[in-house]
Amino acid sequence: MNFIKTVSLALLGSTLAIGGAAAQGKTVKIATEGAYAPWNFTGAGGKLEGFEIDLANDLCGRMKVTCEVVAQDWDGIIPALNAKKYDAIMAGMSITDDRKKVIDFAGPYANSPNGFLVAKNSPLAKMPGTGEAYNLGTQKAAAEKAIEASKALLKGKTVGVQGSTIHSNFADKYLKGTAEVREYKSTEAHDLDLAAGRIDAVLADATAIIGTLEKPEFKDYALVGPSITGGMLGSGVGVGVRKGDQELKKSFDEAIQAAIKDGTVKKLSLKWFKIDTTPST
Amino acid sequence: MDFGFMWDTFLQLLSGIPLTLNLSFTSVAFGAVLAMVLALMRMSGIRALDGFARAYVFVFRGTPLLVQIFLIYYGLGQFRPTLQEWGLWVFFREPYWCAILALTLNTGAYASEIIRGGLQSVPHQQVEAAKACGMSGFLLFRRIVFPIAVRQALPAYGSEIILMVKATSLASIITMMEVTGLAAKIISQTFRAVEVFIVAGLIYLILNFAITRIIMAFEWWLSPHLRRPSTVEPRLEAAHV
């Protein structure tokens with residue numbers, strides 16, 4: 001009897017030990033798009049780089065797990081998460097109600113407005129509202145008034161957006177019928193078409209536009225229009241995890257909070273975006 | 001599997017069919033003309049023309065259509081000043097025409113080989129017989145060579161048309177909202193990839209089923225000599241016994 005008790009206790013002890021070790025040394029596979037500079041992109045050497053790659057490495061250090069960041073096309077990034085191809089998404093993905101129906105989010109770890117990228121010599125460069133900030137969630141009327149004002153100039157123009165994003169939803173809701181909206185697979189693709197003159201403006205996240213403006217080919221372009229956040233544009237950018245993966249969500253949440261508190265998020269944001277995108281808590 | 005959702009998706013995807021068919025048939029029509037020219041160049045016996053057609057087929061058959069679309073759309077987009085000077089930018093500005101151009105150049109290469117095969121399969125005796133009857137040149141081509149060649153090439157050409165219908169799905173990468181483009185958009189709104197792609201696949205199946213039937217009917221109409229005279233035959237067999 002005593003012997004059995006000892007053995008079972010020993011067995012119990014060893015299982016607990018293994019369980020603990022597994023949680024610590026676990027590998028978390030994180031998907032990113034790899035085509036959304038400066039959030040995440042494929043650098044000159046073919047390696048993934050950007051704000052989210054640096055942040056993922058920092059968060060994984062805090063969570064004491066090994067991380068593997070993989071590239072995945074934006075189109076299928078949520079279905080593939082739910083198909084367990086990886087465990088988390090860090091791809092500049094805004095936390096929206098629609099997405100929350102299918103996945104959970106940890107965070108947010110960033111919050112940035114949208115804006116228009118246009119040529120400096122185009123009539124659109126005089127778009128009203130440039131430099132003004134509105135929250136579509138809390139100041140809906142004022143924000144929609146600002147959008148209306150910018151629409152007058154966009155009449156009959158062609159606007160490029162990345163498909164499956166908050167920006168394409170925004171364009172569907174506010175620009176349809178005013179401008180022709182074209183959907184691209186990546187921000188790189190609509191930037192190319194803007195440079196080629198096929199479209200008159202790009203509607204995207206301000207950080208992505210700032211990243212584009214760094215390139216020498218875009219020296220004659222500018223970020224214009226009102227800076228809009230909130231509402232259908234979501235409540236910041238977060239880490240997407242499968243519904244029910246509460247343990248991972250919790251450890252990401254804690255790590256993000258810690259990284260915001262000690263200024264790491266701000267440091268990385270200034271490094272990659274030149275502006276502070278730390279979400280207000 | 002949510003059938004109500006799939007039905008809604010089906011109805012939404014129907015609006016992409018006109019563009020899918022438009023891209024397919026416009027490019028197949030232009031491609032057929034191009035293919036005919038290329039096939040005749042190959043068979044002309046003139047070295048330069050033959051060499052050009054060979055090189056063309058080699059390049060367009062040997063590179064992926066996706067790469068061709070990217071090169072024509074994004075690649076040529078970088079040469080806007082030159083294209084504007086030549087007055088071609090109006091054409092290359094539009095994603096629709098870039099898609100048509102890429103699909104046409106591609107199908108032209110494949111179809112020219114199919115047509116060449118058809119033309120070469122025309123039995124020599126029939127050409128000789130026609131010549132003996134006094135036909136030559138275009139008359140010989142129009143009355144004897146071309147009809148026989150078309151009959152021979154049709155089954156392979158039918159496959160090419162079906163391949164083109166499926167190839168139009170690549171146009172969605174240059175912002176064309178055909179069936180696949182719409183499917184991707186619906187997936188982005190609903191995150192239900194499996195159901196949406198099943199419905200999209202089903203739509204292509206229906207389209208291609210209709211196309212195969214039309215080609216089969218055309219084949220039947222072109223080959224009266226292969227049709228079995230149904231009422232006469234049993235009697236003939238009986239007579240042999």
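This report describes a sheet in chain A, the helices of chain B and the contact between the two chains.

The model is predicted: local features need pLDDT of at least 70, side-chain atom pairs count only at pLDDT 80 or more, and totals for chains, interfaces and linings use all residues. Residues are numbered from 1 along each chain as its sequence is written, and chains are lettered from A and ligands numbered from 1 in the order in which they are written.

**Chain A**

Helices (H or I, at least four residues) and strands (E, at least two) are DSSP runs numbered from the N terminus. Two strands pair if DSSP finds at least two bridges between them. Chain A holds an open sheet of 6 strands with mixed pairing, in the order β9-β13-β8-β12-β10-β11. Strands β9 (133-135) and β11 (180-184) of chain A are at the edges with a single partner strand each, so one side of each has no neighbour in the sheet. On average, neighbouring strands of this sheet are turned by 30 degrees against each other, direction ignored. Axes are lines fitted to C-alpha atoms, for helices over the stretch in contact, and angles run from 0 to 180 degrees between N-to-C directions.

Strands β8 (residues 114-119) and β13 (residues 221-229) of chain A pair in the antiparallel sense over 5 bridges. In this pairing V118(A) is opposite A222(A). Helix α6 (residues 166-174) of chain A lies across β8, β10, β11 and β12 of chain A, at about 145 degrees to β10(A).

**Chain B**

UniProt, in an unreviewed entry, places "domain: ABC transmembrane type-1" at residues 17-215 of chain B. UniProt positions follow the numbering used here, feature names are shortened, and annotations may be inferred rather than shown by experiment. The table gives three spans of chain B.

| Residues of chain B | Helix | Strand | Distance between end C-alpha atoms |
|---|---|---|---|
| 17-215 | 84% | 0% | 20 Å |
| 53-74 | 91% | 0% | 26 Å |
| 196-218 | 100% | 0% | 33 Å |

UniProt lists 53-74 and 196-218 among the residues of "transmembrane region" in chain B.

In helix α11(B), A193(B), V196(B), V199(B), A200(B) and I203(B) are buried, that is, 20 or more other C-beta atoms, placed from the backbone, lie within 10 Å of their own. The cover over these residues includes α3 (77-82) of chain A and α1, α2 and α10 of chain B.

**Contact between the chains**

In all, 12 residues of chain B are in contact with 16 residues of chain A, contact meaning C-beta atoms, placed from the backbone, within 7 Å. On the chain B side, α4 (65-77) and α10 (179-190) give two or more residues. The largest share, 3 residues, comes from α10(B).

How values were computed. Contact = placed C-beta atoms within 7 Å. Buried ≥ 20, exposed ≤ 12 C-beta atoms within 10 Å, placed from the backbone.
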